Amino acid sequence: IKLPGTDLASRQTAATVRHNVASAVSSGNKVVVDLSEIESVSYSYADELFGVIAATQGFDWLVEHVKIANAREHVLRVIAEVISRRLKETGQPIRRRA
């Protein structure tokens, strides 16, 4: 899934992408989210897409089924922060199981 545009900020748009990810995974696919053109991502967008997945499916599931590709370091940092916050809120471990 190649995310369009350069700046991602809409929670509603992120929810649509999250549903597309879930649909692709339920069809047996590993999903690659291509962030190559993304210059910035809001915390609300990252939370709605990646944070909600981590909270509902778990970190291991997220890592096993979704690959984040071609992201800039500051975009990855935002994604990591929202995932970490969601996992702490739900009492889930942050580290991946061996």
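What follows is a walk through two helix pairings and a handful of individual residues in this predicted model.

The helix packing is a good place to start. Two packed helices are described by the angle between their axes and the distance between the axes. For helix α1 (residues 11-26) and helix α2 (residues 43-57), the axes come within 7 Å and cross at roughly 25 degrees. An angle under 35 degrees counts as roughly parallel, so α1 and α2 are roughly parallel to each other. The crossing of this pair, α1 with α2, is right-handed. On the α1 side, the residues involved are Arg11, Thr13, Ala14, Ala15, Val17, Arg18 and Val21. Facing them from α2 are Ser44, Tyr45, Asp47, Glu48, Leu49, Val52 and Ile53. Sorted by class, the residues of the contact between α1 and α2 come out as eight nonpolar, two polar and four charged.

Arg18 gives a view of that contact from a single side chain. This arginine sits in helix α1, and with a relative accessible area of 15% it is buried, since the cut-off for buried is under 20%. Setting aside neighbours within four places in sequence, Arg18 touches Glu48, Leu49, Val52 and Ile53. Those four partners are also listed among the α2 residues that meet α1.

Helix α2 also packs against helix α4 (residues 73-90), this time at an angle of about 45 degrees and with the axes 8 Å apart. The pair α2 and α4 is therefore oblique, and its crossing is right-handed. From α2, the contact draws on Tyr43, Ala46, Asp47, Phe50, Gly51, Val52, Ala54 and Ala55. From α4 come Val78, Ile79, Glu81, Val82, Ile83, Arg85, Arg86, Leu87 and Thr90. The class breakdown for α2 with α4 is eleven nonpolar, two polar and four charged residues. Asp47 and Val52 of α2 appear in the contact with α1 and also in the contact with α4.

Val52 turns up once more in connection with Thr56. Thr56 belongs to helix α2 and is exposed, its relative accessible area being 57%. A polar atom of the Thr56 side chain lies 2.8 Å from the backbone oxygen of Val52. Looking across to α4, Thr56 and Arg86 are 30 residues apart along the chain, and their C-alpha atoms are separated by 9.4 Å.

Thr90 is another α4 residue and is one of those that meet α2. With a relative accessible area of 40%, Thr90 is partly exposed. The side chain of Thr90 makes a polar contact of 2.9 Å with the side chain of Gln92. Measured in sequence terms, Thr90 is 57 residues away from Val33, and the C-alpha to C-alpha separation of these two is 24 Å.

Away from the helix pairs, Asp34 and Asn70 make an interesting couple. Asp34 lies in strand β2 (residues 31-34), whereas Asn70 is in the loop between β4 (66-69) and α4. The side chains of Asp34 and Asn70 are joined by a polar contact of 3.1 Å. In terms of accessibility, Asp34 is buried at 16%, while Asn70 counts as exposed at 51%. Beyond Asn70, and again ignoring neighbours within four places in sequence, Asp34 is in contact with Ile1, Lys2, Leu3 and Ala69.

The backbone at Asn70 also deserves a look. Most residues other than glycine have a negative phi. Asn70 is not a glycine, yet its phi is positive, at about 60 degrees.

Last comes Gly5, in the segment before β1 (7-8). Gly5 has 36% relative accessibility and so counts as partly exposed. Leaving out neighbours within four places in sequence, the contacts of Gly5 are with Glu37 and Ile38. Gly5 and Val63, which are 58 residues apart in sequence, lie 24 Å from each other, C-alpha to C-alpha.

Technical notes. Residues are numbered from 1 along each chain as its sequence is written. This is a predicted model: local features need pLDDT of at least 70, side-chain atom pairs count only at pLDDT 80 or more; totals for chains, interfaces and linings use all residues. Side-chain values use heavy atoms; hydrogens and water are left out. Helices (H or I, at least four residues) and strands (E, at least two) are DSSP runs, numbered from the N terminus. Buried means under 20% relative accessible area, exposed over 50%, partly exposed in between (1.4 Å probe, protein chains only). A polar contact is a pair of N or O atoms within 3.5 Å; within protein, one must be able to donate a hydrogen and the other to accept it, and residues adjacent in sequence count only if both atoms are side-chain atoms. Contact means heavy atoms within 4.5 Å. Axes are lines fitted to C-alpha atoms, for helices over the stretch in contact, and angles run from 0 to 180 degrees between N-to-C directions. Angles under 35 degrees count as roughly parallel, over 145 as roughly antiparallel, 65 to 115 as roughly perpendicular and the rest as oblique. A crossing is left-handed if the near helix is turned anticlockwise from the far one by less than a right angle, and right-handed if clockwise. Ala, Val, Leu, Ile, Met, Phe, Trp, Tyr, Cys and Pro count as nonpolar, Asp, Glu, Lys and Arg as charged, and the others, Gly among them, as polar.
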